[in-house]
Amino acid sequence: MNIENCRVCSSTHLEDCIDLGQQPWCNDFVLEDQVGKESRYPLMCTFCHDCSTLQVKYTVPKEIMYADHTYLSGSTKTMVRHFQTVSDFVCEELVDGKGLVVDIGSNDGTLLSTYQNNGMDVYGVEACAKTAAIANENGIKTAVNYFDYDCADRIAQSKGKAKVISAANVFYHVEELHSIVRGITHLLDDDGVFVVQASYLPNLLKSKAFDIMYHEHLLYYRLENLNHLLSLHGLEVFDVSEAEVHGGSIVVYAGHQGVRPVSDKVTEMIAVERAEGYHEIGVYKKFNENIQNLRANLQDLLKKVKSEGKTIYAYGAPAKGTVMLNYCGLDSETIDYAVEVNSLKFNHYIPCTGIKILDEKTVEEPDYYLLLSWNFVDEFCRSEAFQSGKRKFIIPLPEPKVISA
Ligand SMILES: [Zn+2]
């Protein structure tokens, strides 16, 4: 259903600004008998004129969204390296390498394993039972649950307070936002650190990465918005860094208010956000126009390639690929197949496209791959197939183009 009130400040002063049309739930990868029967929901972003948080207007029930997701964070080397870098920094600079780390939305335990490498005790909270089972098999103790205040309280009772609480790319998924932040404040030790990793809204807009906007991502943060939300529950951001993952993310470090000195980086980043106008609706309306143009350009490029009798497959079938294809009206008429390395997706179909997902290893090279996992372009361009000139990518963002060795 559509929200009437801002998820952060409860204001009713909301205005629609970015329209991605009717979209399936992006992770609803279906088997053949369900093709064409997927549900669609409006995907509209709305802007709060009071606290300036950009958010998705329509909430898909969380039981539909998280019960059976197939994204495994362990599946790319780039993410593992990134998580280890953050964990090393936290363990060496912010806590003394001892105590409990709790990860919210801990997935297959990849992030927690980097803290385990540093000698910390780890505990994951993951809503998807299948994914949690993989983590437990790998020796990362994981509970199947949604993190909220009650869950935080149970952990505090049974395991004590946490030195580190982490939320990587989940902190914008959450429906019960205030219960979660209250839970974090309650569970976090007096000198503990809350580490949030999220897509950074200004980077998302600059790279035109509209496909990161989907029903699961209810909120889109810049630093000022995030700090405001945390401050409502007694926390404050004291440091921030940028990371080249998921199209340009930020890693935000927060603690209880007044405990740690606030870095100049925090005040400077917020000042830049204001100078660039992200606290007003204009930039978001402009973005909506930009992506309409991008869509037209991508459609033209693909039409031209198809008219030359070439084959186009999708490279990767990430959640954002679902958004890209559906926004641009692309289906199995243009894209014959998609290839993946994640075996959980093999023989499933990208929602509302009829495009079947195959094992990359078993597929003959098509003339072009449309790169849906564009955030890993550097990693994919190091492959032998690309370096030898055999593989050509069509990159959708920030401007559609063909790249080859
Ligand atoms: Zn608001």
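Q: How many of the residues in this chain count as buried, as a percentage of the 405?

A: In this predicted model, 45% of the 405 residues count as buried. A residue is called buried if 20 or more other C-beta atoms lie within 10 Å of its own.

Q: Is Ile104 buried or exposed, and why?

A: Ile104 is buried, because 28 other C-beta atoms lie within 10 Å, and the cut-off for that label is 20 or more. This residue belongs to strand β4, which covers residues 100-104.

Q: Which residues does Ile104 touch, leaving aside those up to four places away in sequence?

A: Two residues are in contact if their C-beta atoms lie within 7 Å. With sequence neighbours up to four places away set aside, Ile104 touches Val125, Phe147, Ile165, Ser166, Ala167 and Val170. By contrast, the C-alpha atoms of Ile104 and Ser404, which are 300 residues apart along the chain, are separated by 39 Å.

Q: Why can helix α8 be described as largely enclosed by the rest of the structure?

A: The same burial label can be counted along an element. Helix α8 spans residues 223-231, and 7 of its 9 residues are buried, so the helix is largely enclosed by the rest of the structure. The buried residues are Leu223, Glu224, Asn225, Leu226, Asn227, Leu229 and Leu230, and what covers them includes α6 (177-187), β8 (188-199), β10 (235-243), β11 (249-256) and α9 (264-275).

Q: How many helices and strands are there in the chain, and what is its radius of gyration?

A: The chain has 13 helices and 18 strands. Its radius of gyration is 21 Å, close to the 22 Å that the globule rule gives for 405 residues, so the chain is as compact as a globular protein of that length.

Conventions: Residues are numbered from 1 along each chain as its sequence is written. This is a predicted model: local features need pLDDT of at least 70, side-chain atom pairs count only at pLDDT 80 or more; totals for chains, interfaces and linings use all residues. Helices (H or I, at least four residues) and strands (E, at least two) are DSSP runs, numbered from the N terminus. A residue is buried if 20 or more other C-beta atoms lie within 10 Å of its own, exposed if 12 or fewer, and partly exposed in between; C-beta atoms are placed from the backbone. The radius of gyration is taken over C-alpha atoms; the globule rule is 2.2 Å times the number of residues to the power 0.38.
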